[in-house]
Amino acid sequence: MDMKKLLAFALALTLLLALAACGKKNAEAPDLAAYYADFEASLGEDNTPMVMDANEEGLVDQFYPGLSDYSFKQSVIKLAAMNSVVYEFALLECEKEEDVEAVRGILQTRIDNQVSGGAFYPETIEGWQKAELIVNGNVVALIVAGGSQADAVTAFNALFK
């Protein structure tokens, strides 16, 4: 093998490995439970609202009708323990790409219901109007974090960079 062919082979192999590494990175979703734990810790003990874990409490279908019809690689759903608190996270990594839009629709319905009076109090309705619904690959997220909304969304979006 002459030098030109060897160099071309080495460059092609390097390019192939670089593309494979990039593809693998994009295919893996970040650890959603770790993101939530880090965000909650960033609020400090005195500023962290009391929350319920919808998965542990069996509340998923009560707050997100139809969501249990889908399979998730990761599911973190935290709800404020009091309806006067503007705080809710639904962080979901869908098993199947074709489920992403339906799951996004279920989360959008939750926002719409809260904004149209489900949140009861004017302050909480206002907070739900600022809710963020984010889709990145197979990950669908609903973030409602009151005064920490911008920080929560920024930290979440940084997971995908």
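Colleague: In which strand is Val76 found?

Modeller: In this model, which is predicted, Val76 is found in strand β2, a strand that covers residues 72-80.

Colleague: What makes Val76 count as buried?

Modeller: The relative accessibility of Val76 is 9%, and the term buried applies under 20%, so Val76 counts as buried. Leaving aside residues up to four places away in sequence, Val76 touches Leu32, Ala33, Tyr36, Asn55, Phe89, Ala90 and Leu91. From Val76 to Tyr35 the C-alpha to C-alpha distance is 9.9 Å, although the two residues are 41 residues apart in sequence.

Colleague: Which residue is the bridge partner of Val76 in β3?

Modeller: Val76 has Leu91 as its bridge partner in β3, and another such partnership sets Leu79 against Glu88 of β3.

Colleague: How do you know that strand β2 and β3 pair, and in what sense do they run?

Modeller: Two strands pair if there are at least two bridges between them; strand β2 and β3 are joined by seven bridges and run antiparallel, so the requirement is met. Applying the same test to β3 and β5, six bridges are found in the antiparallel sense, and there Phe89 stands opposite Ile143.

Colleague: What is the order of the strands in the sheet, and which are called edge strands?

Modeller: The open sheet has five strands in the order β1-β2-β3-β5-β4, with antiparallel pairing. The edge strands are β1 (51-53) and β4 (132-136), each of which pairs on one side only, and from one strand to the next the twist averages 15°.

Colleague: Which helix packs on the sheet and touches β1, and which helix lies across β4?

Modeller: Helix α2 packs on the sheet, where it touches β1, β2, β3 and β5 (139-144), and its direction makes about 160° with that of β3. Helix α7 (residues 149-158) lies across β3, β4 and β5 and runs at about 165° to β5.

Colleague: Why is β3 said to be largely enclosed by the rest of the structure?

Modeller: Seven of the seven residues of β3 are buried, so the strand is largely enclosed. Both of its faces are covered, with Glu88, Ala90, Leu92 and Cys94 buried on one side and Phe89, Leu91 and Glu93 buried on the other.

Colleague: What makes the pair of Tyr36 and Phe89 edge-to-face?

Modeller: The centres of Tyr36 and Phe89 are 5.2 Å apart and the planes make 70°; since pairing asks for centres within 6.5 Å and edge-to-face for planes over 60 degrees apart, the pair is edge-to-face. Tyr36 lies in helix α2 (residues 32-43) and Phe89 in strand β3 (residues 88-94), so the pair ties together parts that are 53 residues apart in sequence. Tyr36 is buried at a relative accessible area of 4%, and Phe89 counts as buried at 0% relative accessibility.

Colleague: Why is the pair of Phe39 and Phe89 called tilted?

Modeller: The planes of Phe39 and Phe89 stand at 45°, with the ring centres 5.4 Å apart; this angle is neither under 30 degrees, as stacked requires, nor over 60, as edge-to-face requires, so the pair is tilted. With Phe39 in helix α2 and Phe89 in strand β3, the pair ties together parts 50 residues apart in sequence, and Phe39 and Phe89 are both buried. The structure holds seven aromatic pairs, and ring pairs link Tyr35, Tyr36, Phe39, Tyr87, Phe89, Phe156 and Phe160 into a cluster.

Colleague: How do you know that Arg110 lies over the face of Tyr64?

Modeller: Arg110 is 5.9 Å from the ring centre of Tyr64 and lies over its face, and the distance limit for such an assignment is within 6 Å.

Colleague: What sets the phi of Phe120 apart, and is Phe120 buried or exposed?

Modeller: Phe120 is not a glycine, yet its phi is positive, at about 70°, whereas most residues other than glycine have a negative phi. Phe120 is found in the loop between α5 (100-118) and α6 (122-129), and its relative accessibility of 59% lies above the limit of over 50% for exposed, so Phe120 counts as exposed.

Colleague: What is the mean pLDDT of the protein chain, and over which residues is the pLDDT below 50?

Modeller: The mean pLDDT of the protein chain is 86, with 83% of the residues reaching 70 or more. Over residues 5-20 the pLDDT is below 50, and that stretch has one contact in the model beyond near neighbours in sequence. Where pLDDT is low, the predicted coordinates should not be read in detail.

Technical notes. Residues numbered from 1 in each chain as written. Predicted model: local features only at pLDDT ≥ 70, side-chain atom pairs only at ≥ 80, totals over all residues. Heavy atoms only, no water. pLDDT = per-residue confidence, 0-100. Contact = heavy atoms within 4.5 Å. Phe/Tyr/Trp six-rings, centres within 6.5 Å; stacked < 30°, edge-to-face > 60°. Helix = DSSP H or I, 4+ residues; strand = E, 2+ residues; numbered from the N terminus. Buried < 20%, exposed > 50% of the residue type's maximum accessible area, 1.4 Å probe, protein only. Lys NZ or Arg CZ within 6 Å of the ring centre and 35° of its normal. Axes fitted to C-alpha atoms, helices over the stretch in contact; angles between N-to-C directions.
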